[in-house]
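Visitor: I would like a close look at a single topic, the salt bridges, and then at whatever lies around them. Please take it slowly, as I am new to this.

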Amino acid sequence: MNADVVVPQELSTFHTICAITAIEANSSQPNNELITKLNISAKNAMLLEGLPSKNRQMIMQMSLFIVRKSIEAIVKYGLTQPIDSLREFLENICAFYRSHDAIGGINEEVSSAILRIISNVCMLLEKPMGIPTLDSLFRVLNKLVSTVVEVDVLRKELSSSKRMPLAAAIVHICLELFQATNRDVRIRLSAARVLRRFIVGAKRSDNVYQVAFVLPGILSRTHKVATTDQNSFILLEALLIAANAIEATMNNKVFDRERAHKSDEATAECGNGNGLLKGQIITIAAKPSQGVGEAGDDGECGGIPPTDIFTDDNRNIIGNTMKQIAARLCGNVDFRVRMCVIDCIKFVYVRCVRALGKAIEKTVEDVGTLLLEDKYKCIREKSIALLRLTRNKALKEESLKRKLLGLCRAIKIQIWQNGDIQMPFQQMCGMLLHAKVTDLSEILKSDGKAFEELIECFASCAVVNRSAMELVVEVDENFKKLDFCSRIRLRSGIGISDLKKLCYKLIKCDAAGSAMLYCESKMAFTSSVEQRLAFEIISLLIMCEFYTELRKGGRRMLHDFNVESVCKSIIDRFSVELDGADFIETAVIGDYDTTVVRRAVGICIMGAAFRCIGSKERRYRLLSRCMLHVLEWRTSAVRLISIAAEEAACDLAKGMEEPSVSMLCFKYANTLLSHICVSGEAWQLVRSARLVTSLLDLCNEKAFFETACLLNGQMISLLDRSDAVSLLRDNR
C-alpha cells in the first residue's frame, strides 16, 4: 500500500470516529473508549509525513469541536463516567495550539470554541461531584487558562469587553472553591493556581480592567482565607493571589499611563471639545458588593458605572486590606508564611509605590517592624532590607514615638481584655531594639508621658503567672543551672528574656536611673499587689542588665549616681519590709501565691541592687544588713525563696568582689555577731538561729572554722539562757 492510499485512510478513520462521537454527544456523554480512539486517530493523522499545515489545523479544529460537544453533553445530560480520556485529548489539543505550528491558524471559531469550553467547565465546577472528578476538571481548566495566557490571540480575545462575564465566571468559581474549607486541599490549591494564571494573563494582555473589576472580591476572599485558615500552603497561595492582583491593577506603569491619559484627555477637551482618547483609563466597579456572580451572568459589565481606581479611598481600602492580611500572617508559626509575607509586601511596594503611596508604606513599616525580632535569621535580614525601602522611616524619631505610644496602649488594652499581645509586643521589641539610641534617648528624655507609657507597658506585661512558676520550680530538674529571673513566668505569655532586652535598651539610652526611680514610686503608691510585684520585676531586670553592662564597661559607668541612689533606696525599703515579715514555710502556704513570689523577688532585688552600687563605703555600710536578711531567708523551706536567697548571696559576694559566698562569710561574719539576739524574745531567737544555721552551712573554708565555732557557742549559750529565763518565769 503506497503513501497516497495510507494518508486518506488515516484521515478517513479520524473523520469516521469524529462523526460517531458527535452523534453520541447529541444524546449523552461520549464513551471513554470512543474518546481514546479519537485521540489515537488524531495523533496518527498528525504524524503523517507530508501532511499540509492547513490539514493539521483542520484536524485540531475538528478535535476541538468534539471536545466542546462532549463538555456540553456533560453539562446537559450529566456526568456518567470519568473524564480522564477527554482530559488527555484536550491536553494534546492545547499543546498543539501553544506550539509554533498553530501560528496563524487560530481563527475566531477556534477562539470561541476554547472560551466556550472554559465557560462550560466553570459551570460543571459549580455542581457537586467527587474529588477525582473535581481534580480532573481543574486540570482541564488549568490547561485551558494556561493556553489562553500564553497564546496572544486567545489572550486578547479573553480580555475584550464582551468576554467580561467569562472572566468574572473564572474568578468567581476559583475564589469559591479556594475559600471552601470543606473541600480537599488539592482542589483548593488547583483553584488558586488557575486564578493566579488568569491574573498573569490579564496583565500580559495590557488590559487589567477584568482584574480591577473583581479586585474587591479577590481581596475580601483572600482576607477571609488568611484570617480563618491554618494550612500553610493555602495561606501562601492567598498571599500570592492578593499580591499579584494588586500589582496587576495598581502597578506604576498602569498608574503613569492612566495619569498621562487624563492629561491628554484634558488637553483634547480644551483643543477640540470631544475629549476622545486612544487609550483606556483603568477603572474599577463602583459597587463591588454586587459580586462576581452577577457580573458573570450578564452579557455586559452589569450596568455598573466605572470609576477611577486610583482614588484616595480605593488606595486606603487596598492598603488596609493588605495590611490586615500581612499583620495576621506575620504571627503564623510556619516560617515560610512569614517569609512569603515579606516577599509579597516588597513585591507590591516596589511595583506599586507611586500608585498606592503612603497606604503601602504603612504596610511596609508594620511588617518590617513586626518581624525584626523573628527567631529566624533570614527573616530578620529580610525585614531590615524591607525597612530600608522606606529609608527606615518607621524607626525615625517622630514616627517611632507615634508608633510606640500606639503599641503601648494596644498592649495594655489587650491585657485588660485577656487578649493575645504576642504580635504588638514583638513589633514593639523590633522597633525599640533596632531604633537608633540617639533617637530613642531623645524621645525618653523630652517626653515624660511617652517614657511613663513605656514603663507602664513593661509592667503590664510583667504580671506573674503563679501556677506556671510553681510548675517550673517543682518539675525542672536543671533549676539550679538557671538564674532566678529565668524562672519567672508571666501571665501575658511574654518571655522574661524579651523584657530583659528592652531593659537593656533603656540602659543604653541612659534611662536606667529614671526607669528605676519611676518603678520605685509605683511600688510605694500602687495598691494592687500584682502591679507592685510587676514593677519589682522590671526593677530587678533593669538592675541585672545594668550590672551586665558594668562588667562589660568596667567601673567607669558608675557615674550614674541616679542608679546608685535608687539602689540604696530600694535596699532600705526591702530591708524594712523583711524586718517585719513573718517567716514563710511550706506548711503555712502550699501554693506559690503572690506573697511567696514577691518575697523571693524582693530578696533577689536586694542582692541585685547591692551589686550596682559603686561606692565602696556605701557597700560596706549596707553589707551587714543585706547579709543578715539574705542568709536568714536562705534557710527557708520554700524552695523558690531559698533559691532566690542563694542567688542574692552570690550577688553580695560579686558586689564585694569575693570569689565565693563562703569567703564572703569568712571575711565579714564578725559583723553579724552583734545581730545575734541577746534578748529573750522567742521570734528573735528563731531568726538568730536561722542566721547561724545558714552561716554554718556555708562553712567551706578552713579559716572560717574558728568563727563558726564562736557563732555556734554564742548561739548555744543564748538558747540556754533563754531556757533558764523561761524556767524562772514558770516558777513565779
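Guide: Let's begin with the term itself: a salt bridge is a side-chain nitrogen of Lys or Arg within 4 Å of a carboxyl oxygen of Asp or Glu. Side chains of opposite charge can pair when their charged atoms come close. Please keep in mind that the model in front of you is predicted. By this rule, 37 salt bridges are counted in it.

Try Arg618 and Glu564 as a starting pair. Their closest N and O atoms are 4.0 Å apart, and the two residues form a salt bridge. Arg618 belongs to helix α28 (residues 616-633) and Glu564 to helix α26 (residues 561-579), so this pair ties together parts that lie 54 residues apart in sequence. How buried or exposed are the partners? Arg618 is partly exposed, at 24% relative accessibility, whereas Glu564 is buried, with a relative accessible area of 6%. Salt bridges can also share partners, and in this way Lys323, Glu365, Asp366 and Lys403 are joined into one network.

Next, find Arg221 and Glu176, whose side chains meet in a salt bridge with an N to O distance of 3.1 Å. This pair links distant parts of the chain as well: Arg221 sits in helix α10 (residues 209-228), Glu176 sits in helix α8 (residues 164-178), and 45 residues separate them. Arg221 is partly exposed, with a relative accessible area of 22%, and Glu176 is also partly exposed, at 30%.

Now let's stay longer with Asp152 and Arg155. They form a salt bridge in which the closest N and O atoms are 2.4 Å apart. Both residues are in helix α7 (residues 152-158), and because they are 3 residues apart there, about one helical turn separates them. Asp152 is partly exposed, with a relative accessible area of 43%. Arg155, at 9% relative accessibility, is under the 20% cut-off and therefore counts as buried.

Arg155 also leads us to an empty space. Rolling a probe the size of a water molecule over the atoms shows where empty space is left. Searching the whole structure gives 5 cavities of 30 Å³ or more, and the largest cavity has a volume of about 60 Å³. Which residues line the largest cavity? Arg155 is one of them, and the others are Val148, Val149, Leu158, Ser159, Phe198, Gly201, Ala202, Ser205 and Gln210. The elements that give two or more residues to this lining are α6 (131-150), α7 and α9 (185-204). Of these, α9 gives the most, with 3 residues.

By class, the lining of the largest cavity has 5 nonpolar, 4 polar and 1 charged residues. Arg counts as charged, and Arg155 is in the lining. Where does this cavity sit relative to the domains? Domain 1 (8-159) and domain 2 (202-262 + 309-391) both contribute lining residues, so the largest cavity lies between them.

That brings our route together: Arg155 is a partner of Asp152 in a salt bridge, it is buried, and it helps to line the largest cavity.

How values were computed
Residues numbered from 1 in each chain as written. Predicted model: local features only at pLDDT ≥ 70, side-chain atom pairs only at ≥ 80, totals over all residues. Heavy atoms only, no water. Helix = DSSP H or I, 4+ residues; strand = E, 2+ residues; numbered from the N terminus. Buried < 20%, exposed > 50% of the residue type's maximum accessible area, 1.4 Å probe, protein only. 1 Å grid on protein atoms, 1.4 Å probe; cavity = no way out; pocket = protein on both sides within 12 Å on 5 of 7 lines; lining within 4 Å. Points joined across faces, edges and corners; volume = space filled by probe spheres on them. Domains from an automatic or database assignment.
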